[in-house]
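Work through these exercises with the model open beside you. Try each task before you read its solution.

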Amino acid sequence: MKKLFSILTTAAMLLSLCALTACGEKPAEDATDAQGDAQEPAAVETVTEGKLTMSTNAAFPPYEMLDDSGKIIGIDAEVAEAIAEKLGLELQIDDMGFETALTAVQNGQSDIAMAGITVDEERLKVMDFSDSYATGVQVVIVKEDSPIQSIDDLANAEMIGCQAGTTGYIYCSDTPENGGYGEDHVTAYDTGALAVMALANGQIDAVVIDNEPAKAFVAANEGLKILDTEFAVEDYAIGVAKGNTTLLDAINNAMKELKADGTFQKIVDKYITAEAE
């Protein structure tokens with residue numbers, strides 16, 4: 001009888017303990033998540049606590065550019081803002097040269113780089129990249145009366161202009177054996193706008209640059225045109241420091257959500273009419 005009383009007493013104690021600790025159930029926050037309530041964004045370590053720092057070159061319309069007040073606007077700027085919000089962070093954008101924007105991520109000065117950046121083998125050696133979020137088409141700008149009327153005619157150009165550090169410069173400055181035109185026939189400029197200005201002034205024969213900024217530059221400079229044939233087709237992605245998989249995964253997940261709920265396409269539609277990837 002004493003043994004039975006002892007068993008019953010122990011069972012009662014266990015039941016009381018379970019009632020106090022929700023024994024056998026998920027923690028309260030997990031139960032809340034299961035009901036579909038909003039979850040806290042995954043914590044990611046950033047250069048500055050509470051901020052997502054983005055390095056860019058704000059001379060690449062419509063992806064990044066300055067408005068009349070000097071504020072950085074554009075597709076990349078708004079997409080980065082939406083990603084930062086998803087991650088529970090405040091966005092900070094630092095404007096600098098294109099090559100410097102890439103090295104800022106590599107050196108731990110910024111968390112991400114967005115500047116219409118295309119993924120290539122050389123960059124993959126020193127950086128990691130998000131899933132592609134847009135397709136970049138490189139084109140050729142020439143004067144309307146230029147003898148260069150096709151991509152093949154570029155071989156006859158005395159001087160081609162490109163923005164320094166871009167894949168356009170890399171392709172064009174490569175050796176003829178590798179499909180380029182040689183460094184002696186290519187001039188690197190700090191921005192695409194400077195290259196276009198040199199073309200308009202007759203200092204160079206053509207500019208190789210991405211299609212969307214090319215359209216903006218041609219619209220703003222009378223007497224220039226874009227050749228019909230595409231020079232190259234590439235993927236744009238967000239650059240992060242090599243090995244920072246936590247941030248990379250968080251960015252990819254945030255981007256998927258922005259695409260799924262239509263936010264990403266709305267941002268693109270504000271600046272260009274072509275459908276995003």
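## Exercise 1: The partners of strand β7

In β11, V142 has K225 as its bridge partner. The model is predicted. Task: find which strands pair with β7, and in what sense they run.

Solution.

Step 1. Start from the pair V142 and K225. Strand β11 covers residues 224-226. Three bridges join β11 to β7, and the two run antiparallel.

Step 2. Move to β12, residues 232-236. This strand pairs with β7 over five bridges, in the antiparallel sense. Look for A134: its bridge partner in β12 is Y236.

Step 3. Turn to β10. Four bridges join β10 to β7, again antiparallel. Here V140 has V208 as its bridge partner.

Step 4. Check how covered β7 is. The strand spans residues 134-143, and eight of its 10 residues are buried.

Result: β7 pairs with β11, with β12 and with β10.

## Exercise 2: An open sheet

Task: which strands form the edges of the open sheet of five strands?

Solution.

Step 1. Write down the strand order. It is β4-β1-β5-β13-β6, and the pairing is mixed.

Step 2. Find the strands that pair on one side only. They are β4 (90-95) and β6 (127-129), the edge strands.

Step 3. Inspect one of these edges. β6 pairs with β13 (residues 239-241) over three bridges, in the antiparallel sense. Across this pairing, D128 stands opposite V240.

## Exercise 3: Two cavities

Task: how many cavities of 30 Å³ or more does a search of the whole structure find, and what lines them?

Solution.

Step 1. Count. The search finds two.

Step 2. Take the largest cavity. Its volume is about 90 Å³. Its lining has 14 residues; F98, A115, G116, T166 and D210 lie nearest the centre.

Step 3. Sort that lining by residue type. Four residues are nonpolar, seven are polar and three are charged.

Step 4. Take the second largest cavity. Its volume is about 60 Å³. Among its lining residues are F60, Q138, C162, T166, V208 and D210.

Step 5. Trace this second lining to its elements. Those giving two or more residues are β8 (160-163), α7 (192-200) and β10 (206-210). The largest share, four residues, comes from β10.

Step 6. Sort the second lining too. Six residues are nonpolar, four are polar and one is charged.

Step 7. Compare the two lists of names. T166 and D210 appear in the lining of the largest cavity, and T166 and D210 also appear in that of the second largest.

## Exercise 4: Two cysteines

Task: how many disulfides does the structure hold, and how far apart are the sulfurs of C162 and C172?

Solution.

Step 1. Count the disulfides. There are zero.

Step 2. Check C162. The nearest cysteine sulfur is that of C172, 4.0 Å away.

Step 3. Apply the cut-off. A disulfide needs sulfur atoms within 2.5 Å, so a pair beyond that does not count. C172 is in no disulfide either.

Step 4. Ask about cover: are these cysteines buried or exposed? C162 is buried, with a relative accessible area of 0%. C172 is buried too, with a relative accessible area of 0%.

## Exercise 5: Aromatic pairs

Task: how many aromatic pairs are there, and which parts of the chain do two of them link?

Solution.

Step 1. Count. There are four aromatic pairs.

Step 2. Describe the pair of Y63 and Y236. It is edge-to-face, 5.1 Å centre to centre, with 85° between the planes. Y63 sits in the loop between β1 (51-56) and β2 (65-66), while Y236 is in strand β12, 173 residues apart.

Step 3. Check burial. Y63 counts as buried, at 5% relative accessibility. Y236 counts as buried, at 2%.

Step 4. Describe the pair of Y133 and F264. It is edge-to-face as well, 6.3 Å centre to centre, with 90° between the planes. Y133 lies in the loop between β6 and β7, and F264 in helix α10 (residues 263-271), 131 residues apart.

Step 5. Check burial again. Y133 is buried, with a relative accessible area of 0%. F264 is buried, with 3%.

Step 6. Look for a cluster. Ring pairs link F60, Y63 and Y236 into one.

Technical notes. Residues are numbered from 1 along each chain as its sequence is written. This is a predicted model: local features need pLDDT of at least 70, side-chain atom pairs count only at pLDDT 80 or more; totals for chains, interfaces and linings use all residues. Side-chain values use heavy atoms; hydrogens and water are left out. On a 1 Å grid over the protein atoms alone, a cavity is a set of points where a 1.4 Å probe fits but cannot get out, and a pocket is an open set with protein on both sides within 12 Å along at least five of seven lines; lining residues have an atom within 4 Å of a point. Grid points are joined across faces, edges and corners, and a volume is the space filled by probe spheres set on the points. Ala, Val, Leu, Ile, Met, Phe, Trp, Tyr, Cys and Pro count as nonpolar, Asp, Glu, Lys and Arg as charged, and the others, Gly among them, as polar. Buried means under 20% relative accessible area, exposed over 50%, partly exposed in between (1.4 Å probe, protein chains only). Two strands pair if DSSP finds at least two bridges between them. Rings of Phe, Tyr and Trp (its six-membered ring) pair if their centres lie within 6.5 Å; planes under 30 degrees apart count as stacked, over 60 as edge-to-face and the rest as tilted.
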